[in-house]
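Dear colleague,

I am passing on the structure we spoke about, and below it you will find what I noted while going through it. Please read the notes with the coordinates open.

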Amino acid sequence: MTIRILVGVALAFLSAWLLWQGLSAVIMITSRGSPLGDALLQPPTSLVRIVAACVVLLGALVAVAQRPGGAWLAAIGTVLFTLLPIMMAATGTASRLWADEAIVSLVLIALTAALCVIKRRKA
């Protein structure tokens, strides 16, 4: 196994975990009687988290499959996820609520940068 595949697998697991966190929050909110639109858009952090995690996961899986474009797709998702703590901080949310997203964003950035730098093996 190459380092690129290991990085892709780590990125896939992290993004799948982030996707599950986003989905479970939406499920919890809707189970309490709120409409789905409110759970996703009031505020839009749940929607941003879910979309970003899906894009990162897709990019990581493409990179693990050694296909072109996976790293750049993961980079787009990472940028979207990085917007999450920035949006939360800009709206005045307490730092304890967005600090985890900021730390995870740094990990996503590091893994995505590794995917972008490590050359894909030609099949």
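R49 and E101 are both buried, and in this predicted model they form a salt bridge with each other, in which the closest N and O atoms are 2.3 Å apart. A search of the whole structure finds 1 salt bridge. The pair links distant parts of the chain, since R49 belongs to helix 3 (residues 45-64) and E101 to helix 5 (residues 95-117), with the two positions 52 residues apart in sequence.

These two residues also appear in the description of the largest pocket, which has a volume of about 240 Å³. Of the 14 residues that line this pocket, R49 and E101 are among those nearest its centre, together with Q21, L84 and L97. Helix 1, helix 3, helix 4 and helix 5 each supply at least two residues of the lining, and the largest share, 5 residues, comes from helix 1.

Turning to the two helices that carry the salt bridge, I looked at length and at packing. For helix 3, a rise of 1.5 Å a residue over its 20 residues should give a span of 28 Å, and the end C-alpha atoms are indeed 28 Å apart, so the expectation and the model agree. Besides R49, the buried residues of helix 3 are S46, I50, A52, A53, V55, V56, L57, G59, A60 and A63, and the buried residues of this helix pack against helix 1 (3-31), helix 2 (36-41), helix 4 (70-90) and helix 5.

For helix 5, the same reckoning at 1.5 Å a residue gives an expected span of 33 Å for 23 residues, and the end C-alpha atoms are 32 Å apart, which agrees. Here E101 is buried along with V104, S105, L108, L111, T112 and L115, and what covers the buried residues of helix 5 includes helix 1, helix 3 and helix 4.

It may help to set this beside the database annotation: an unreviewed UniProt entry lists residues 48-65, 72-90 and 102-118 under "transmembrane region". In the model, residues 48-65 are 94% helix and 0% strand, with end C-alpha atoms 26 Å apart, while residues 102-118 are likewise 94% helix and 0% strand, with end C-alpha atoms 24 Å apart.

Two residues beyond the ends of these helices also deserve a look. Q66, which follows helix 3, is found in the loop between helix 3 and helix 4, and its phi is near 60 degrees, a positive value in a residue other than glycine. With a relative accessible area of 16%, Q66 falls under the 20% cut-off and is therefore classed as buried.

I118 is found in the segment after helix 5. Its relative accessible area of 28% lies between the 20% and 50% limits, so I118 counts as partly exposed. Leaving aside neighbours within four places in sequence, I118 is in contact with I3, R4 and V7; I118 and R4 are 114 residues apart in sequence, yet their C-alpha atoms are 6.2 Å apart in space.

When you go through the model yourself, I would suggest beginning with the buried pair R49 and E101, and then following the lining of the largest pocket, to which helix 1, helix 3, helix 4 and helix 5 each contribute at least two residues.

With best regards

Definitions and conventions. Residues numbered from 1 in each chain as written. Predicted model: local features only at pLDDT ≥ 70, side-chain atom pairs only at ≥ 80, totals over all residues. Heavy atoms only, no water. Salt bridge = Lys/Arg side-chain N within 4 Å of Asp/Glu carboxyl O. Helix = DSSP H or I, 4+ residues; strand = E, 2+ residues; numbered from the N terminus. Buried < 20%, exposed > 50% of the residue type's maximum accessible area, 1.4 Å probe, protein only. UniProt positions renumbered as here; feature names shortened; annotations may be inferred. Expected span 1.5 Å × (residues − 1). Contact = heavy atoms within 4.5 Å. 1 Å grid on protein atoms, 1.4 Å probe; cavity = no way out; pocket = protein on both sides within 12 Å on 5 of 7 lines; lining within 4 Å. Points joined across faces, edges and corners; volume = space filled by probe spheres on them.
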